[in-house]
Amino acid sequence: LLLKSKGSNVEEVFYFDSINSTNEYAKEIGRNSNMENVLVISDIQTDGKGRLGRKWLSSESSGVWMSLLLKPNLNPTDASKITQIASAAIVTAIEEFYNLNVGIKWPNDIIINGKKIAGVLTEMNSELGEINFIVVGIGINVNTKSFPEEISDIASSLFLESGLEIDRKKIIEKVIYYFYKFYNEYIKNKEFNEVLDINKKKSVTLNRDVFIIRRNETFEAYAYDLNRDGELMVRDKDGKESVVFYGEVSIRGV
Ligand code: BTX
């Protein structure tokens with residue numbers, strides 16, 4: 001992999017044939033060393049993770065399963081922007097290789113034709129209001145030919161949607177390239193607009209009714225915008241507007 005020469009900040013790459021979860025491994029490095037900008041990649045994961053304790057199927061080497069360990073000088077409340085940076089990078093990279101219309105289901109799912117082809121899992125370790133490290137995990141179904149029945153209705157791959165088989169290395173390089181392009185813009189220049197624009201333009205969440213799950217209560221609201229920080233703005237039936245936090249939203253029909 002030419003990751004070090006392609007305009008990325010990656011300092012070290014750990015490559016595995018098989019591992020439980022690249023996020024877990026990257027967190028382990030984060031806890032036990034001062035390294036940063038470390039990329040962990042595995043051909044197969046035996047215990048891939050999604051959000052909220054969910055599982056991410058990655059038992060075949062047909063996808064990209066990777067995690068970046070970052071140590072940004074950011075406020076913990078800004079960590080969610082890293083997810084949006086990753087989503088924007090994935091979409092931009094995919095559209096360079098495939099003639100596909102890629103959508104972002106706010107904030108972390110990448111959707112094509114209504115099916116999930118990639119996801120982002122961002123995990124943060126912070127104390128006393130400071131970030132120790134962030135791990136951003138990226139899973140992309142690249143050349144996957146079929147999915148188990150439990151998820152075959154909701155999951156798809158770039159191959160299944162396009163008929164094209166592409167070397168996973170190319171996808172990895174492009175995603176990392178765009179990730180650092182957007183990340184450096186944000187960390188160094190506090191410039192988040194391009195990422196925000198991509199997240200808005202590609203959103204499959206905006207301009208429709210969504211379900212919000214808040215403190216065990218579910219309500220329906222109209223998602224009308226992302227604010228400057230990339231948070232979802234919704235309007236409920238009484239016209240009351242509020243900001244939705246990560247993990248609170250589930251979108252009907254997608
Ligand atoms: P999520 O919680 O939004 O999505 C998880 C849900 O997606 C599952 O409950 C299941 O319904 C469905 N699903 C499971 N596997 C797949 C798949 N391969 N393709 C499409 N849909 C699936 C999304 O979580 C965040 C996923 C991040 C995965 C990366 S891989 C590298 C890194 N290491 C790790 O353990 N996780 C991240």
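**Exercise 1. Work out how helices α2 and α6 are arranged.**

Helices α2 and α6 are roughly perpendicular to each other, and this solution shows the steps behind that in the predicted model.

- Step 1: Find the two helices. Helix α2 covers residues 80–97, and helix α6 covers residues 193–201.
- Step 2: Look at the geometry. They pack at an angle of about 65°, with their axes 9 Å apart.
- Step 3: Classify the angle. Angles of 65 to 115 degrees count as roughly perpendicular, so α2 and α6 fall under that heading.
- Step 4: Add the handedness. The crossing of α2 and α6 is left-handed.
- Step 5: List who meets whom. From α2 come Q84, I85, S87, A88 and T92, and from α6 come V195, I198 and N199. Sorted by class, this contact has 4 nonpolar, 4 polar and no charged residues.

**Exercise 2. Now do the same for α2 and α5.**

- Step 1: Locate the partner. Helix α5 spans residues 168–189.
- Step 2: Read the geometry. The axes of α2 and α5 come within 8 Å and cross at roughly 135°. That makes α2 oblique to α5.
- Step 3: Give the handedness. Here α2 passes α5 in a right-handed crossing.
- Step 4: Look at the residues. Those of α2 that meet α5 include I82, I85, A89 and F97, while the α5 side includes V175, F179, F182 and Y186. By class, the contact has 15 nonpolar, 1 polar and 4 charged residues.

**Exercise 3. Describe the surroundings of the ligand.**

- Step 1: Start with the neighbours. There are 27 residues around the ligand, and S21, K49, R51, R54 and L57 come nearest.
- Step 2: Check side chains. An N or O atom in the side chain of S21 is 2.7 Å from an oxygen atom of the ligand. K116 has a polar side-chain atom 2.9 Å from an oxygen atom of the ligand.
- Step 3: Check the backbone. A polar backbone atom of R51 is 2.8 Å from an oxygen atom of the ligand.

**Exercise 4. Find two unusual spots in the backbone.**

- Step 1: Recall the background. Most residues other than glycine have a negative phi, and most peptide bonds are trans.
- Step 2: Look at the loop between β2 (38–45) and β3 (63–70), where L52 sits. L52 is not a glycine, yet its phi is positive, at about 50°.
- Step 3: Move to the loop between β4 (102–105) and β5 (109–112), which holds P107. The peptide bond from W106 to P107 is cis, with omega near -5°.

Definitions and conventions: Residues are numbered from 1 along each chain as its sequence is written. This is a predicted model: local features need pLDDT of at least 70, side-chain atom pairs count only at pLDDT 80 or more; totals for chains, interfaces and linings use all residues. Side-chain values use heavy atoms; hydrogens and water are left out. Axes are lines fitted to C-alpha atoms, for helices over the stretch in contact, and angles run from 0 to 180 degrees between N-to-C directions. Helices (H or I, at least four residues) and strands (E, at least two) are DSSP runs, numbered from the N terminus. Angles under 35 degrees count as roughly parallel, over 145 as roughly antiparallel, 65 to 115 as roughly perpendicular and the rest as oblique. A crossing is left-handed if the near helix is turned anticlockwise from the far one by less than a right angle, and right-handed if clockwise. Contact means heavy atoms within 4.5 Å. Ala, Val, Leu, Ile, Met, Phe, Trp, Tyr, Cys and Pro count as nonpolar, Asp, Glu, Lys and Arg as charged, and the others, Gly among them, as polar. A residue is near a molecule or strand if one of its heavy atoms lies within 4 Å of it. A polar contact is a pair of N or O atoms within 3.5 Å; within protein, one must be able to donate a hydrogen and the other to accept it, and residues adjacent in sequence count only if both atoms are side-chain atoms.
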